[in-house]
Structures are given as structure tokens and as C-alpha cells.
Amino acid sequence: MPPAHAGAAESAALTTPRDSATLVTDTDRYRPGMPLHVGLHLRLQPGWHTYWLNPGDAGEAPTLNVAAEGGATGRSGAIAWPTPRRISDGPLMSYAYIGDVLLPAVLQPAGAGDGPMVLRATAEWLVCASVCVPEKGSFTLTLPVGDPAPSDQAPLFARAAAARPVPSPFAATIAPDGVLTLTGQGLTPDAVRDAWFLPQTEGAIDQDAAQALSVQEGRLTLALKPADSFRKAPTLDGIVVLKDPAGEERGLAVSAGFAPAAAVSPTVSSTAPADTAAGQGTAHILLLAFAGGLILNLMPCVFPVLVMKAMALTRLAGSGASVRLAGAGSYAAGVIGAFVLLGGVTLTLRAAGAAAGWGFQFQSAAFVTAVCWLLFAVALNLLGVFGMGNAVAALGGGPVSRAGYLGDAMTGLLAVLVATPCTAPFMGVAVAGALAASPVLAMAVFVAMGAGLAAPYVLLAGVPGLARHLPRPGAWMDVLRQALAFPVLGTCVWLAWVLALQQGAGAVAALGSGLVLVGLAAWLTGLAQGMTMRDGPARRVRLCRAVALAALAVALALLPGLNRAGPVGAAQGLAVTDGAEPFSAAHLAALRAQGRPVFVDMTAAWCISCLVNERVALSSTPVQEAFRTRQVVYMKGDWTNRDTAIGAFLQAHGRAGVPFYIYFPPGHGPGRALPQILTTGLVLDALKS
């Protein structure tokens, strides 16, 4: 390459059909001991880009090495990288530069300064469009000695300096679940319209995953999705780019230290509905969890189980306070213990790397089948086939009083197991926050939820004034008890439908076989109870017990095969109704790259709230018509069976379960999360905004 003319501040150009590259300096003379700014100046053709220090999911960072000789010597330092832009290409995200870009560095001349200084540079860079082409060049630039004066290329360095990120004035922390938090004055919803994070290290986060944004007074959070190198350094370094309402962008260099996760994960954007308690104190979170547990007593998931306790409490209305409190305490222990057990299992699965969420047990065909059998036994008890209170004693010969307290605890356990599909509308964000928080806080949240669910029963049992107002026992109770068996049987039908979607007709046949065996065991138990009351212990009573236990054992033996069968894909029927497309992270990224509007619906067959929302709001004629006229892509993720992609998507957006709804408007702005209880008006308002 021919050398540049002496005194010039720009070398001869290396030109290709893709770009033009030169070596430039900010002054046209040099003086030993005075810093000299040098840089690789790239003029990229339209459609072509080159890369940042972290190129992203594809690409390679440029290199620049400048050495001085002659009147002074020295070598250039590291490139002072301007803030790049994000370029999404399907499921890949790149951090790159387009157009006219300068990659500057600093060289400190040293020596006598008794003659011209010759700069010799080598550079390598990658340029990409539909194809990628590696390029490299050698450049020579000679500067005379003298008092430095700005060169014609000095504005390039000023522009590059203005594009570099500035040290962040805000405190930065990163939680183990990937929630990046900035705190300080000046962070307000009015000042920040959008924000995103660019990691300095490759592999630290999933760079193509959505970064859920929440802005409150003095606080900003971004929900990042951790990747393989997330915890390999003591801090997470990179650039947070803030965009104001006028569209101006400012890059802030942050070095976030790892800290415990926030009590509640953030919402998706500062305009998201106020259904989150992000940033609130621990006491507020625990109160929210307790209130959610109270509301669960009214939900259809729990009602079939609670009728048993209501009937039991009515029978105990004339009993002493100690008897009532002992039963209520056993029930509360079962409820709280079940919440702690489910929460602990979920936390353990997440710590092991599984994308488990709240309600994960309903993704197990064996669990759905076992609960259906158990509720069928409850219905048979309500119909009088056998006595639940004496069932344990009848089968195992134990004391009736102990069996009663054990039954209270088991009732609490059952109430929680079937309640989890109903928790999301009221506690979805709180549960997500608990799963992201420290284990101690997480367990406290689960205990508070259990206390809320158990509180009404404990209150009725423990306050004499309330207990006296309970209706007196009578013949009406038998009629009511039998009538309440039918909502329980309806729950069994729902669970059979869920199982059919999960595993198909073969699993339903196994479920039906188990129902026959459970019915046989219940009938034999009832016979044993009747014979014991008439004749006392006898050989035929023991025979009934043995056959009943054998029938239950055969039913239980069917359960392992259900999970081994694996999903049959039938649950995809949920994902293709109402003109919806099955959820795909790659397809969503491609649509977002095109600026298409997308409405994402995360649902499951076992989620009653999801089904109600779909029937009431999403399947309504006004909403479907709005989807068509606005060309909104309706994308539905079916979490009936375990799906790691859906679990990761929920976790990236600060949620632990379904339902979850998020609308991505036209363009490239952030998504907007909708409430977990939908109406037609709420959906239409989101589409209009």
C-alpha cells in the first residue's frame, strides 16, 4: 500500500465493494509525551455491518494494532469502543456498527522527537450482510514533529467519543435469576421510554431473549435470561442503553455485582398493568401472598375439597374448643406443609437447571391421574359409599381419633395440590418473585400463602362466637353432602380431559381402569365398616380390607407407565384454535425483527383461569376481528405438558406459571404484559395502544 503524504492525518484507503478503510489521527503533527489519538475509520456500504467488542451470537470483533517508529516510538492501546446497535437476525442477536464508524485508540509517543514519526498499523475486521467477508489491511501514516493541531479528521474522534458509554451514575446489581437493577435519582417512567443491556462478555446472557423492563421512581429493572457464562466473573459488565421519550439514546457503562434476587420480578415495560409488586418490601409481599391464599378459598379448584371441611366443621359445631382447634390445626399444618413442599421441590428443580414453574405437578400425567382417583374417592365418600373419617381406621386398624386428625392434614394437602392452577391470577407475580428470591424469603412467601388458605377454617373453629352461628347438624346435611359429590365428580371429568390432551386415549383407559379399582376399594371399605359396626372384627372384614388394599395397589402400579409413555402431542390442539400459531421463540424473534405485532398467550389445559380467559376474551368476536384487521399474529404456547422453551420464556419475563399474556406492538418497542384475568376491553385497549 503506498504511504500517505507527509503531514496528512489519514492514510491511503483500502477499498472493497463492501467498505473503505483508512488509518486516521486527530492531529496533523505530534509531540513526544503528548497522547495521540489514532483510529481505524470504516465507511461501510449500505446493508453491511461490522462488530463490537462482544459481537453477539455471530461475528468477530475487529482488531487494531498501531506501532510508531522514526522520530518517536510507541504502541496503541485498546480500542475505545463506541456503543453499538443491536441487529436481530431470526434467533440470533448481533452487536454491530453500520455506516461511517471510527474505532479509536490512544498512542503515547516517546523519544527525542527529532524527525517525522511513521505509524504502521495492521487491522482485521469482519463485514457481514447476507454473507460475511473477513478483511484485513496494513496502513502507513507519517506525521511531522511540531505542536499538535486538530486535523480534518478530529471531528471523527469527537463523534466517537460522544458515542462511547459514560460511567453509570446509578448503582447496579444483578440477581441470580438475571434481574439487573439500577437505582438512583433521575430514573423515572417519564424519563425512560425504553432500555436494553449489552453484555461485554459473550455467553453471559441469552442475547436474543426479551429483556423485560420496569421503571419506577428511582429504580429500573431489566429481566435478563442467564446463559452458560453468567456467573463466571464476579460482576456482569456491559452497557445499559436508555432511550428517552424524544428517542435520544445514552449508553451507560455498568459493572453489576451479584446480589440476592429482588422479592418480585419486574414487569415487561413501564406501561405494563399494575399487577406486580416489584420493588415492594418483604412485608408487602408476605401480605400479598396471605391475601392470595384467602382468595383461593373461593376458587373452583379448591371448592370441591373445602366442602368436606365445611361439613366437618358443621358436625363439630357442638364440640369443645380443643377438639375444633386440634382439627383446624391439623388442616392448617397440611395446607402450609403442602405449600412448603411444592415450593421446595420447585426451587430444587430450578437450582438444578430445570425450567420448572408453579403448578409443575399438573404437567405429570401420573399426578393428574392420582388426583382424579383421589377426588373420585372423595365423591364416593360424600355419596355414602364409605366413611372418610374412619377409612384409615378401617383399612389399617388405627385409632379413629388419630385417623381423623390425619384426615384433616391430608385434606389440607389435597386442597393445595388441586389449588395451584388457580393461584396464578392472584399470586403469579408473587410466586415468581418467591422462586427468584433467597430460599428463606421464598419459604416465607409459601408459608404466608398457606396461612391465608387455612385462615377462614381456623378462624371458624377457634372463635366460639362464630362457631355458634354455624347451622345445627340435621338430616339436611346428608342431602347437601350427597349433592356436593357432583361438583367433585365434575372435577374428575376435567382432569380426565387434561390427561387426554397430555397422553391420549391410552392414558384415559388407564385412568378409567384405576377408577374401577378405586370404586371397588371404596365399596369394600364401606362393607368392612358396616360389618365391623354390626359384628365386630371378623374374617370376612379382614378379607374385604385385604382385597381393597390389593385393588389400590394394582391402581398405583399403573401410574409409572403413564409418565414413561411421554406426551403424544395432543395438547397442541390448544395451540391452534382461534387462528393461533404454536409458540416458537425463533419464530417470535423473526416476527419481531420484521416489526410485526404479536400477541403471545401462554396457557395450559389444567389452568382453569386460562380456559376462562380464552372463552370470555380471546375467543370473542371483537378480539378475533381486531387481530385480523390489525394483522396481529396470535401465538399460543401450550404448557399442559412440560416445555423447556415455554418455561424459559416465562422465567425471562418474571413469571413462574400460566396464564401469561404479552403484546408486542408494531415496530421494535418493548412488549406490554396484560393482567392475568382478561376482559375483551382489556385486550382491545392493549391492541389500540
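Which strands make up the open sheet of five, and in what order do they stand? Keep that question in mind while you set up the view.

This is a predicted model, in which local features need pLDDT of at least 70 and side-chain atom pairs count only at pLDDT 80 or more, while totals for chains, interfaces and linings use all residues. Residues are numbered from 1 along each chain as its sequence is written, and side-chain values use heavy atoms, with hydrogens and water left out.

**The whole chain**

Begin with the full chain in cartoon view, where there are 19 helices and 24 strands; helices (H or I, at least four residues) and strands (E, at least two) are DSSP runs, numbered from the N terminus. Of the 689 residues, 52% are buried, where buried means under 20% relative accessible area, exposed means over 50%, and partly exposed lies in between, with a 1.4 Å probe and protein chains only. If you switch to a surface view, the chain exposes about 28,500 Å², of which carbon and sulfur atoms supply 62%; such areas come from the Shrake-Rupley method with a 1.4 Å probe, and for residues only the protein chains shown count as cover.

**The five-stranded sheet**

Now select strands E20 to E24, which form the open sheet in the order E20-E22-E21-E23-E24, with mixed pairing. Two strands pair if DSSP finds at least two bridges between them. Strand E20 (581–582) and strand E24 (672–673) stand at the edges with a single partner strand each, so one side of each is left without a neighbour in the sheet. Next, highlight strand E21 (residues 598–603) and strand E22 (residues 633–638), which pair in the parallel sense over six bridges, and show Phe599, which stands opposite Tyr634 in E22. Add helix H18 (residues 644–652), which lies across E21, E22 and strand E23 (660–664) and runs at about 110 degrees to E21. That angle is taken between N-to-C directions on a scale from 0 to 180 degrees, with axes that are lines fitted to C-alpha atoms, for helices over the stretch in contact.

Two single residues deserve a stop here. Select His587, which lies in helix H15 (residues 585–593) and counts as partly exposed at 30% relative accessibility. Leaving aside neighbours within four places in sequence, His587 is in contact (heavy atoms within 4.5 Å) with Glu581 and Met635. Pro91 is 496 residues from His587 in sequence, yet the two are 7.7 Å apart in space, C-alpha to C-alpha. Then move to Gln631, in the loop between helix H17 (621–629) and E22, which has a positive phi of about 55 degrees although it is not a glycine, and which counts as exposed at 58% relative accessibility.

**A hairpin and its neighbourhood**

Which way do strands E10 and E11 run relative to each other, parallel or antiparallel? Select residues 117–128 for E10 and residues 132–143 for E11, and you will see that these strands run antiparallel and are joined by 12 bridges. They form a hairpin with three residues between them, and Leu119 stands opposite Leu141 in E11.

**Salt bridges**

Side chains of opposite charge can pair when their charged atoms come close. A salt bridge is a side-chain nitrogen of Lys or Arg within 4 Å of a carboxyl oxygen of Asp or Glu, and a search of the whole structure finds 10 of them. Stay with E11 and show Glu135, whose side chain meets that of Arg18 in a salt bridge (2.8 Å, N to O). Glu135 lies in strand E11 and Arg18 in the loop between E1 and strand E2 (19–25), so the pair ties together parts that are 117 residues apart in sequence; both residues are buried.

For another pair, select Arg43 and Glu10, whose side chains meet at 3.2 Å, N to O. Arg43 is in strand E3 (residues 36–44) and Glu10 is in the segment before strand E1 (14–15), 33 residues apart.

**A nonpolar patch**

Finish with Leu383, Val385, Phe486, Leu520, Trp523, Leu527, Leu543 and Val547, a nonpolar patch on the surface with about 690 Å² of accessible area together. Patches are made of residues with over 30% relative accessible area and no salt bridge, with like charges joined within 9 Å and nonpolar side chains (Val, Leu, Ile, Met, Phe, Trp, Tyr) within 5 Å. Helix H12 (505–535) and helix H13 (539–557) are the elements that give two or more residues to the patch, and the largest share, three residues, comes from H12, where Trp523 is found.
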